[in-house]
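The following paragraphs lead the reader through a predicted model. The sheet is taken up before the nonpolar cores.

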Amino acid sequence: AMGDVAMSVPVVGALRKQYPVFVEGDFTLLEAEHPCLFVYRRTWQGKALLVVCNFSGKDTPWQLPKEWKDGELLLSNYPQHSGTLLPWEAKILYLNN
């Protein structure tokens, strides 16, 4: 619902302040050819973010890359699971290498 999106705006704003990689990091688009997914990585000073969004009303197969298995889940609109992205699922993961 729209309220869910509006409520997450302050959360994302707070994350941007707490994790400078949100704004300072180098942007790399991943899954560029996928018709339903928007996936990108930001890296900065040994830190990395992975943003994954399923812009589809259907379950979409997708596996978390191995290098992200120990990533900290900063934000998600579904409980943690693997193997597929649920309809309209979005998540942000963080790595501090």
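Two strands are said to pair if DSSP finds at least two bridges between them. Strand E5 and strand E7, the latter spanning residues 90-96, satisfy this criterion with four bridges, and they run in the antiparallel sense. Within this part of the model, Ser76 stands opposite Lys91 of E7.

This pair belongs to an open sheet of five strands, whose order is E1-E2-E3-E7-E5 and whose pairing is antiparallel. The sheet is bounded by E1 (26-30) and E5 (72-76), the edge strands, each of which pairs on one side only. On average, and with direction ignored, neighbouring strands of the sheet are turned by 20° against each other.

From the sheet, the description passes to the nonpolar cores. The largest of these comprises 11 residues: Leu15, Tyr19, Val21, Phe22, Tyr40, Leu49, Val51, Cys53, Leu74, Ile92 and Tyr94. At least two residues of this core are supplied by each of helix H2 (21-24), strand E3 (47-54) and E7. Strand E3 provides the largest share, with three residues.

Leu49, a member of this core, may serve as a point of reference. When its neighbours within four places in sequence are left aside, Leu49 is in contact with Val21, Phe22, Tyr40, Arg41, Arg42, Trp68, Leu74, Ile92, Leu93 and Tyr94. The model also contains a second core, separate from the one just described and formed by 10 residues, including Ala48, Leu50, Trp62 and Leu95.

Key. Residues are numbered from 1 along each chain as its sequence is written. This is a predicted model: local features need pLDDT of at least 70, side-chain atom pairs count only at pLDDT 80 or more; totals for chains, interfaces and linings use all residues. Side-chain values use heavy atoms; hydrogens and water are left out. Axes are lines fitted to C-alpha atoms, for helices over the stretch in contact, and angles run from 0 to 180 degrees between N-to-C directions. A nonpolar core is a set of buried Ala, Val, Leu, Ile, Met, Phe, Trp, Tyr and Cys residues joined through side-chain atoms within 4.5 Å. Buried means under 20% relative accessible area, exposed over 50%, partly exposed in between (1.4 Å probe, protein chains only). Contact means heavy atoms within 4.5 Å.
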